[in-house]
Every structure is written in C-alpha cells, then in structure tokens.
Amino acid sequence: MDTSAVTTPLARIRDTYRSMDQRWRIIGTTSAAVVGTAITGSLATDTSSTWYRRLNKPAIQPPAWVFPVAWTALYVDIATVVGRSLADLKERGDEAEYSELRTALAINLVLNAGWSALFFKGKTLGPATVEAAALAVSSADLVRRSRVVNPTRGAFLLPYAAWTAFATVLTATIWYQNR
C-alpha cells in the first residue's frame, strides 16, 4: 500500500504549522520589544513638569494630544512591519539579513526610548537633539531594510521615518530657542 498519498499532505500541514508558529513567535517578540520601548519612553516623559512647561516651544510644536495618538500608531506600525519583515526573512532562510534587521530594530528602539530619557529626565536638549537625529537615521534605515523584504510593506513604515525627522527638527528648534 502506498502511504505517500497521505503522508505527503500531512507533512506539508506539519511544516506549514511549524512555519506559522515560528512566524507568530517572531511577530510577538517584536511586538513585545516595541511595547517595552513605548512603556519606557512613556515613563520617562513628563509634560507636566515645571521645566518642560517653561520651555519656549516653536510654532511647529503640535498640540499635546497629537503625541500619544501619533506614537501609538507608529508603534503599531513598527511592530507590524518589522515583525512581518523579520518573519519573512526567517522563512526564506536569510539568516544574515534577519540578524541585521533584528539588530537595526534593537538599536532603533534603544534610541527611541533614549530620547525621552535625555530630553525629559536629563533635561539635556543638545544631546537629545543628537539622539533624535540618530533615531531619524535609524528609522530611515528600518524603512530601507523593510522595503528590501517587501516594497509595499516598507512604504508603510515611511511615516515613522518622517515623524522622527520632524522630531529632530522640533527638538533642535526647542534647543535653539532655550539656549
């Protein structure tokens, strides 16, 4: 009796399940790292402090309500785009690109949380400006890397790079106005 008619489809189902399980673990791990960054940044941010309220802020400063809305959407974007890109690379067996993207994401998330610590906790506007610029470069790199994996998906990460570039200009302007 030829059992290949049964075992081959079962093997495909097993392989598909393993691939999906790995995919969701990667996306879940990426999402957890992004959530950790969001929490860390939020804990370091204090817009009610006397120091922050006394800063001269430029006309380009968005209303306070914009920041949590924008950052929530951007964090979802980062987790979704980069998580799926990492999962795709792992499925393709492209370990080098997978490792490089994972490292690029880790650097980006450290820079992301670090800005809040430098700006709000450290009250160091110059270093916060440099950090914001590094974050903008890192964000553009995440867009580039994600576009290599999937051009359409990478384009969805463009708002993050644009927002961090704007944050750099905003931080630099606040620094300049408060010398």
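## A nonpolar patch on helix H1

Val35 has a relative accessibility of 46%, so the residue counts as partly exposed. That label covers values from 20% to 50%. This is a predicted model, and the percentage is computed from it. Val35 is part of helix H1, which covers residues 4–44.

Together with Ile39 and Leu43, Val35 makes a nonpolar patch on the surface, with an area of about 300 Å².

## Overall make-up

The protein chain has seven helices and zero strands. Read from the N terminus, the order of elements is α-α-α-α-α-α-α.

Of the 179 residues in the protein chain, 40% are buried. The chain exposes about 10,000 Å², and 65% of that area is supplied by carbon and sulfur atoms. Among contacts between residues at least 6 apart in sequence, 77% join residues that are at least 24 apart.

## Helix H3

Helix H3 holds 27 residues, from 66 to 92. At 1.5 Å a residue, H3 should span 39 Å, and the C-alpha atoms at its ends are 39 Å apart, so the expected and computed values agree. Just after H3 comes Gly93, which takes a positive phi of about 80 degrees.

## The nonpolar cores

The largest nonpolar core has 30 residues, and those touching the most other members are Ile78, Val82, Leu86, Leu105, Leu142, Leu157 and Tyr160. At least two residues of this core come from each of H1, H3, helix H4 (95–121), helix H5 (125–149) and helix H7 (158–177). H3 gives the most, with 12 residues. Apart from this core lies another, of 10 residues, including Phe119, Phe120, Leu125 and Ala128.

Tyr160 can be followed in more detail within the largest core. With neighbours within four places in sequence left aside, Tyr160 is in contact with Trp71, Leu74, Ile78, Asn108, Asn112, Leu135, Ser139 and Leu142. Two of these partners, Ile78 and Leu142, are also listed with Tyr160 among the residues that touch the most other core members.

## Salt bridges

The structure holds eight salt bridges. One of them joins Arg23 and Asp88, whose closest N and O atoms are 2.8 Å apart. Arg23 lies in helix H1 and Asp88 in helix H3, so this pair ties together parts that are 65 residues apart in sequence. Arg23 counts as buried because its relative accessibility is 12%, under the 20% limit. Asp88 also has a relative accessibility of 12% and counts as buried.

Arg23 meets Glu91 in a salt bridge as well, at 3.3 Å from N to O. Glu91 lies in helix H3, so its pairing with Arg23 in helix H1 ties together parts 68 residues apart in sequence. Glu91 is partly exposed, with a relative accessible area of 39%. Asp88 forms a salt bridge with Arg153 too, and the closest N and O atoms of that pair are 2.8 Å apart. Here the link runs from helix H3 to helix H6 (residues 151–155), between residues 65 apart. Asp88 and Arg153 are both buried. Arg23, Asp88, Glu91 and Arg153 are thus linked in a network of salt bridges.

Methods
Residues numbered from 1 in each chain as written. Predicted model: local features only at pLDDT ≥ 70, side-chain atom pairs only at ≥ 80, totals over all residues. Heavy atoms only, no water. Helix = DSSP H or I, 4+ residues; strand = E, 2+ residues; numbered from the N terminus. Expected span 1.5 Å × (residues − 1). Patch = residues over 30% accessible without salt bridge, like charges linked within 9 Å, V, L, I, M, F, W, Y side chains within 5 Å. Areas by Shrake-Rupley, 256 points an atom, 1.4 Å probe, with all protein chains shown as cover. Salt bridge = Lys/Arg side-chain N within 4 Å of Asp/Glu carboxyl O. Buried < 20%, exposed > 50% of the residue type's maximum accessible area, 1.4 Å probe, protein only. Core = buried A, V, L, I, M, F, W, Y, C linked by side-chain atoms within 4.5 Å. Contact = heavy atoms within 4.5 Å.
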